[in-house]
Structures are given as C-alpha cells and as structure tokens.
Amino acid sequence: MNNKTLSCLAEKLERKRDLQDEEFAALLEEDLPGFSQELARRARVVREKYYGKGVYIRGLIEFTNYCRNNCLYCGIRRGNEKAQRYRLSQEEILACCEEGYALGFRTFVLQGGEDSYFTDDRLEQLIQSIKKSHPDCAVTLSIGEREKDSYARLFAAGADRYLLRHETADRAHYESLHPAEMSQAHRLQCLRDLKDIGYQVGCGMMVGSPGQTAACLIKDLRFLQELQPEMVGIGPFIPQADTPLGHAPAGTAELTLRLLSLIRLLLPKVLLPATTALGTIDPQGREKGLLSGANVLMPNLSPASVRKKYALYDNKICTGDEAAQCVACLGQRLSSTGYHLEIARGDHPGFQTIK
C-alpha cells in the first residue's frame, strides 16, 4: 500500500467517520515515511475547525491511592505492598482547588483508586464544597466503577464529567489484564450508565499493553463509534516494576500519536488529552500529541508530597512542567506548537450549559 492510498483512506475516515476493519488495520499498521505526519496534519485541521488554537487545561488532583482492585498492570493495585498509601482530606483537596483557580484552572479532575473510604456521602459533600467555592468551574470524577444510583447522586451534587477508561474492548484481552472478579461487561455498562445520566463521559485505552493486537485496537475504535464519548484518554502502556506485568515491554509514542490522529478524525469534536504517560515515554510527547490532534493537557495539582506515591507506572513525570505551578512554563512550551493555553471550563461543544 502506498502513501496515496493511505491518504485516501484517511480522507474517507474524515468524511464518513467509518472504515472497514481492513482499512483501519492499514492505517494502524502501515509504516510508510511521511504518513504519520500526513495523518497528524489532517487531525490538526479538524481539531482547529472546532477548537481553534486553544488548549484546555485541567487541574488533576490525585486524592487517594487506595484501591480495592488488583489490576495486573497498575502500581496502586490492592496487592502491591510496596505502595505508600495516602488519602487527601477534604481540606487538602479544597486547598488544591484554591491554588489551581488562582493559576487559571477552570476544571478540577478528582482522580483516585476505588477507595471505599470515599463514600457517596463524603464525595457529595466534597463536590458541593468545590462548586460552592468555584461555581464557574467544572468537576470531573475519575474514581472507577460504581453503581448507577451512585453515579446519579454525584451528578446531582454537581459533578459534570466522568472519566472511566474502558482499557480494552476485546474481552479476552481485558481478562488477561484484570483479576477474575472484575467484569468487562460491568465496566462497559458503567460507561453507558454515565451517558444515560447526563455526564460528559470519557473512556480510553492503554496503547501497547501486553497481548494487544491491531484487532484489539479496531475493537476499541468500534466501541468509540458506538459510545460516542465526549472525551477519550489514551496513553502508552508503561510497566510498573511491582506488578505482575512489571517486566513487559512498554507501548510506543509513535502508535499512541497515530491513534490520537485517528480518534480525532473518527470523533471530530472529542476532547482529547495529550496525556502524562505520553509525556513520560517521550520528553516531547505532549507537544507531539497536540500536533497529532489532541487539545487538552492535565497538569498535576496534587500536593508535591504525594505526587510520587500515585505511581500507576514507573518514572511518571510529576515535577517540573508537569507540576501545575509551572503553568507559565507550559505555556512557553506550547508556543513551539502554535497553540496557546485557554482559560475556560472547556466543555464538549454539545454541553455548553453550566448546571
């Protein structure tokens, strides 16, 4: 297959938002010189059509690294006895929000393991407190699988968005990465429940995780077509030494960047982060992500004392430009891409009304 044929497939995807499986496979697997750059160029055009040159920033608050689950790839898995556990208090979380607001953040992302300490009552109070202090801000939750009535209660309390990576849409692949007590069917149902309730919903997958094939990735793209999420978070698989998959090879920035471009063409209005994992595996990963169709960055607002403890994978960047306090540095780095930081909630175009 030549570049002209591949370019025609990319144009077809942009126009129809669909391809045959073998056509998706060609776009994923072909490695002809210049094609990734062509795909990224097309993705940038689509991204700028809906979002211009602005890059939304989200303040990430990793508020607990306790987790009931035992996923084989995750550094905060229940069975990792080397993990240094912590929970932030409500006062500490609110202080992170105060600092973030002063820095220009208008979205706060509360991310943590599936920690039973944070009941619906505690989370409801926390969300309401954030909204009372910062009514012009969005609250995004990323706290795993819960039941639909729990999601509904947190939405009623003021949560706007929910991130729940589906990790992989291939059932056998999912089961190879998770313990038997975890159900892919339940995870996918959670995403459908969140959509039904009215959240802006984010899903996503690891790129290059052990056992992943092009066929797995095509199933992921099909799932994105079905769910039509408002956000998609993808990043390369990076092993964590204290997990069963700690010696598996990492995914690549190259395939992650190509998938960012494909997702932008598939879901033109999607909110698409250039993730921390991408910046970890490649020092220029976030800039390359933005040049491949991404339009969101998520700097870390967590207290410096706990950043290294939220070790989902090894060598995670958690200081320097990743620290939220270095927003000015981040803005300077963005200048090389032709983009600029946007001080706004950054809702999906289909969700312009503040609740």
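This passage describes two pockets and one buried asparagine in a predicted model. Local features were required to have a pLDDT of at least 70 and side-chain atom pairs a pLDDT of 80 or more, whereas totals for chains, interfaces and linings use all residues. Residues are numbered from 1 along each chain as its sequence is written, and side-chain values rest on heavy atoms, with hydrogens and water left out.

Rolling a probe the size of a water molecule over the atoms shows where empty space is left. A pocket is here an open set of points on a 1 Å grid over the protein atoms alone, where a 1.4 Å probe fits, with protein on both sides within 12 Å along at least five of seven lines, and its lining residues have an atom within 4 Å of a point. Volume is the space filled by probe spheres set on the points, which are joined across faces, edges and corners.

The largest pocket holds about 360 Å³ of space and is lined by 18 residues, of which Ser36, Gln37, Glu254, Leu257 and Arg258 lie nearest its centre. Helix H2 (21-29), helix H3 (35-51) and helix H10 (253-266) are the elements that each give two or more residues to this lining. The second largest pocket, with about 190 Å³ of space, has among its lining residues Arg17, Lys195, Leu266 and His348.

Asn300 is found in the loop between strand S10 (296-297) and helix H13 (304-307), helices being DSSP runs of H or I of at least four residues and strands runs of E of at least two, numbered from the N terminus. Asn300 has a relative accessible area of 0% and is therefore buried, a class set at under 20% with a 1.4 Å probe and protein chains only.

Terms used
Buried means under 20% relative accessible area, exposed over 50%, partly exposed in between (1.4 Å probe, protein chains only).
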